[in-house]
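Here are a few notes to help you find your way around this one. Have the structure open while you read.

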Amino acid sequence: MHLNHCEAELIQIIKKENGLFLSSYQICQSLGDAYSALWQQIQSEYGTEDGSAEMGTGAGKHYSPASYVAHSLEHLRKLHPQIKKEYFRCKGVTFESGRIEPGYTGNILTIWAWQK
């Protein structure tokens with residue numbers, strides 16, 4: 001699946017927030033809610049299993065649906081300067097039910113918005 005395959009859907013999701021930021025996980029949830037067929041296609045192609053690939057295996061391939069979404073947004077950010085990427089320092093933040101969101105790297109989440 002190409003990185004711009006869901007360009008219109010991703011832009012629609014972040015525009016809907018009127019300049020407020022969303023995490024990649026929240027964007028994935030919105031894709032599932034608003035575009036279930038597309039989200040199922042992404043999940044089918046990129047899987048949802050835990051675990052790490054061996055070093056060098058599948059170079060250039062995204063390993064999860066959240067990874068695909070984040071890479072797509074990064075790609076689209078180069079085409080649309082209105083897409084803003086920021087980092088949220090979340091040290092000490094407890095996520096709902098102790099669940100850690102995809103994209104969580106220990107203390108920092110990537111967040112995205114459409115801003116003029």
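1. Before we talk angles: axes here are lines fitted to C-alpha atoms, for helices over the stretch in contact, and angles run from 0 to 180 degrees between N-to-C directions. Keep in mind as well that this is a predicted model.

2. With that in hand, look at helix α4, which lies across β2 and β3 and runs at about 130 degrees to β2. The helix covers residues 65–79. Its 15 residues reach 21 Å from first C-alpha to last, close to the 21 Å expected at 1.5 Å a residue.

3. Now the sheet underneath the discussion. Its 3 strands are ordered β1-β3-β2, the sheet is open, and the pairing is antiparallel. β1 (22–23) and β2 (83–89) each have a single partner strand, so they stand at the edges with one side lacking a neighbour in the sheet.

4. Zoom in on β2 and β3 (residues 108–114): 7 bridges join these antiparallel strands. If you want a spot to check by eye, R89 stands opposite I108 in β3.

5. Which residues of α4 are buried? They are P65, A66, S67, Y68, V69, S72, L73 and L76. What do they pack against? Their partners are α1 (7–15), α2 (24–34), α3 (36–46), β2 and β3.

6. One residue to click on is S72, which sits in α4. Why call S72 buried? Because its relative accessible area is 0%, and the cut-off for buried is under 20%. Setting aside neighbours within four places in sequence, S72 is in contact with L3 and L10.

Notes:
Residues are numbered from 1 along each chain as its sequence is written. This is a predicted model: local features need pLDDT of at least 70, side-chain atom pairs count only at pLDDT 80 or more; totals for chains, interfaces and linings use all residues. Side-chain values use heavy atoms; hydrogens and water are left out. Helices (H or I, at least four residues) and strands (E, at least two) are DSSP runs, numbered from the N terminus. Buried means under 20% relative accessible area, exposed over 50%, partly exposed in between (1.4 Å probe, protein chains only). Contact means heavy atoms within 4.5 Å. Two strands pair if DSSP finds at least two bridges between them. The expected span of a helix is 1.5 Å times one less than its number of residues.
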